[in-house]
Structure formats: C-alpha cells, structure tokens
Amino acid sequence: MTVNPPSYDPNTMPQSFTYQSTDTSSRPSNATTTSFSTTTNSYSTTFPYSSHVQEPAKFKVLIVGAGIGGLMLGYCLERCGIEYVILERMGRHQVAKSAIQLTANTLLAIEQMGLLPEVMRIAKPVSCVTLRKHNMTVVGKLDTLYCKERYGYHSLVVKRTEFIEILIKRMGSHRIQWNRKVLEVVNGNAGVQCRCANNHVEQGDIIVGADGAHSAVRQNLYRSLQGKNVLPKSDTEDLKFTQNAVMGMTNPLDLNMYPAVGARFTECNIIIGKESPYTMWINSTAGNRINWCVTGPLLTPDKTKQNFAVSEFGPEAVEAVCDLIHDLKIPFGGTLGDLIMKTPKECITKVLVEEKHYKTWHYGRTVLIGEAVHKFASFSGQGAEQAILDAICLVNLLHKLNTYELHEITKAFEAYQEERLPVTKAAVQVSGQVANLLNSQGFSSEFKRKIVFNLPNWVRTSSVDKMQVRPTLDFLPKIEDRGSRSIKSAYSIKSF
C-alpha cells in the first residue's frame, strides 16, 4: 500500500521538538565520507536515480530494536557514513536460545562488509536436510553441498547471539541505547521524534521500526493510519497463531558421547512424530553444541486451561513442556531428555509460532523492516535472512538521497516497499506451506513429504535458483560473485 505523505503543520508539533541536523563531525571516523562517483541502476521505476551518486545526505536515522535487522541496518549505515542511533527496550541481549541460517543471498554482502571471516568462526556449513520418522528411519534427504559451487557459499548455521556480538563489536556498543521502550512516535515535516518510557526523547530525520513481530513502532504508526481510515483491514488483524514451540541450545558437548557434533558439516534433521502431532528440528552448531526445537499442539499439557497456548511462557510452562518431550528419540543417540539436561534453563524458551505479512510498510518518516512487517515461523530459517535483505535494500536507497525532504524520503520508502514486499510475501507463503507439510499427520501428508524429499536434483536446484538475489551495498567496493549460477536479482532493475 502506498499512502500520500501527510501535510504536517510544524506548529502542531510539541514545542520541545526542535529538530537538529547532524553535521559531519558527528560521523564515525571510519565511515566512508568521500564523494561517490559511480554508475548505478535505479532500484525501481518509482524512484529513478541519477547515474551520478553523491555523498549521502546529512541526516540521522533512529532505529528501534537491536535485533539482527536493526543491528545490520546500523552497521550498514556506519559503513555508509550516515548518523544513526539504536533504541532497544531490553537492558541487554538475552542468552543464546536459537541459531539462524545464512545463505548466499546474504553472505555475499556479509563478505563485502568484511564480516565473513568472523562469521565463519562461529558457523557450521550445512551438508543436507534429512527427514526422519520417529524411529530415526530416513524418509528422504535434500543435499545442500551443491550451494557452494552454484551460489558461491555453503548455507550456514550460526548461533544468533554470537552473530549479534559481531555486529555490536564492529559498530561500537555506544551506538545502542538500552532500556529505551518506545511509547510514542511523532512525525513532522522537519523530522521525527521518539518518546521513550523513561522520559527520554530522541530526534532524527526518519525512524525505522526493527522491533519485531509485536513492534511498538508499527502499532504507533497503524493507530495513526486507522484514524485517517487508510489502513487495510488485513493489517489490523492479529498474527496468525499456528502452534507452540519449545527450543534450546545445549552447552558444549562431550565428543566422546556425541562424535557427530564435532564434524565439519552439520546435518539439519526434521523428525516427524508417529502418533503425537509433533515435529522436531535438530542440528549441531559451531562450538560442539546442539540446537533443538519441537513444535506441535502436544505442547499444551492441560487442555482444560484454554488460554495456555497463548499465555506468557514462564519457567513453569517450559518445565511442563520439557516433561512431555523428554522421551523423544534423537539422531545423535539417546533421547531429547539427555539434551535438555545439558541445556541451561535460561537457554530454553517456549514461544508461539506465528505468521503474518503486512501490506503497509511506511508512512511519513516511519518505515518498518524485519519481523515488524513479515513474521515467519521460528523454524523456517527465513526471519533473520529476510531482515538482513531488508536492511541492505533500505540503506542502499538512503545512501542515494541528496536531500532529507519528506517527499524524497517518501520516494525512497516507496521504492523499498516495491522491491521487498513481493519477495517477502512469497517467502511467508512458502514458509507456511512447508510448515503445514511438516507438521500435518496422516497418509496423505506422509506421501507428500516423501515426494518432496526425494525429488530429482534438477527440480530442487531449479526452485532454489528462483530465490537467489545476492544483493550488495552500492557504496562499498564491488566483490566478485563466485556463484556459477547467474541471477536475475530483484535488486537489479532498469537503468535510467
């Protein structure tokens, strides 16, 4: 959805809001601040650029949320030389409870930013995805080793917290303001103001909501649009709840007991329950750990408690769920209970598996990225990667701005939504279909799974080829795309 920018009256802004632009002295010393002269294509027909790219406009970006999307956007802005600050409602980052997947679609840009050596130290490449029955019998296997030759990189499993630590270290922890819970966002022609719960006020030119599925920035924006009767009805509906999930990550394991954990490659295992409608996702990670996740309605232990499935999941709920899945067999030998005993309690969490794709991504000086506009199932491997792709797309557009006037910012936001919305919408739909295939029971579902996991190689690679984009950052030196398979990236549009 594209909405015409509002006609704000600066006189209606709070008197305390006096916008201050950022001068070049406030930019990081290692930022790229030299003039840019290069030939570039436009991102879209909505926002045609001149072929002469100038130094980024002097403006400040407020990023709400210090998750992967917000931090990646911050680091890209750091390299671009654009001033920014990250506001995070938590007091610190939580301990690792899950891993993320990175593929060639994001690894090319990660290498371009000089992050790949650090990422490889905390990553484990994926050799295959194996579907198993409850007794560990193999139903089918999807090989992924071909990705290195075809797309330039192996698919990687990376511990979320360690990846976040890399980004924070590179940009500097001073860039993040902790304990900043956003209460109100005020847009104006001169800039945007963000008011936090502790009476802190931050001002900038634009605000980016990277604060997750229950985004405060999105809720604030949508309330405003509802008042103007311009918000699509679907955007007012709740996230689609599909099932519960419990996940965790073990401490480093004894390789004498779990020798497969020490292998160079990891095998991503999906185990389908026989009678109980559950699905287990389990794989090894760097550091000799195992990342595990179990999804399904069996995670509601007391059916008389109607609100259990949507309640706050504290330690008691987590312990009750772990008791239910304690005896499930695992491909590493033994049972899941053995791994639960080797997983610190603070590294186990019970969450809702929710999905949704929103139609409204921006308005005024507010724009949304990551799970604030597209929520994937936690086990889909899409959430972190799509958030990074959002950040790359958005910062490339911001870099090309020569002015921070509202009408120019709106054009950039329109181009961002035009590029990313169709891609993420399709990804959410595919994620939901895969989740339904893997979590459903019965002969028909078993038959479909067997077909999917035993397709000819050319069929598998053809479908993956269509998902390749592999964008890079326009303001950094170009890097060779080592993939043998050329791509028609959604990020390479027409020249003007």
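Here is a short chat about the cores, one helix and a surface patch of this predicted model.

Me: Hi! Which residues have the most contacts inside the largest nonpolar core?
Reply: Those are Val61, Phe163 and Leu398, in a core of 88 residues.

Me: And which helix gives the most to this core?
Reply: That is H9, covering residues 383-399, with 9 residues in the core.

Me: Is there a second core, or should I ask what it includes?
Reply: A separate core of 23 residues is there too, and Ile282, Ile290, Phe332 and Leu336 are among its members.

Me: Back to phenylalanine 163. What is it in contact with, leaving aside neighbours within four places in sequence?
Reply: Its partners are Ile68, Met72, Ile100, Leu102, Ile110, Val119, Ile122, Val158 and Ile388.

Me: Which residues of H5 are buried?
Reply: Phe163 is one of them, along with Thr161, Ile164, Ile166, Leu167, Ile168 and Met171.

Me: How far apart are the end C-alpha atoms of H5?
Reply: They are 17 Å apart, and this agrees with the 16 Å that 12 residues should span at 1.5 Å a residue.

Me: Nice. What follows H5?
Reply: Glycine 172 does, and its phi is positive, near 95°.

Me: New topic: which residues form a nonpolar patch on the surface?
Reply: Phe443, Phe447 and Ile451 do, with about 360 Å² of accessible area together.

Me: Where is isoleucine 451 found?
Reply: It lies in helix H11, residues 443-452.

Me: Why is isoleucine 451 called partly exposed?
Reply: Because its relative accessible area is 41%, which falls between the 20% limit for buried and the 50% limit for exposed.

Methods. Residues are numbered from 1 along each chain as its sequence is written. This is a predicted model: local features need pLDDT of at least 70, side-chain atom pairs count only at pLDDT 80 or more; totals for chains, interfaces and linings use all residues. Side-chain values use heavy atoms; hydrogens and water are left out. A nonpolar core is a set of buried Ala, Val, Leu, Ile, Met, Phe, Trp, Tyr and Cys residues joined through side-chain atoms within 4.5 Å. Buried means under 20% relative accessible area, exposed over 50%, partly exposed in between (1.4 Å probe, protein chains only). Helices (H or I, at least four residues) and strands (E, at least two) are DSSP runs, numbered from the N terminus. Contact means heavy atoms within 4.5 Å. Patches are made of residues with over 30% relative accessible area and no salt bridge: like charges are joined within 9 Å, nonpolar side chains (Val, Leu, Ile, Met, Phe, Trp, Tyr) within 5 Å. Accessible areas come from the Shrake-Rupley method with a 1.4 Å probe; for residues, only the protein chains shown count as cover. A salt bridge is a side-chain nitrogen of Lys or Arg within 4 Å of a carboxyl oxygen of Asp or Glu. The expected span of a helix is 1.5 Å times one less than its number of residues.
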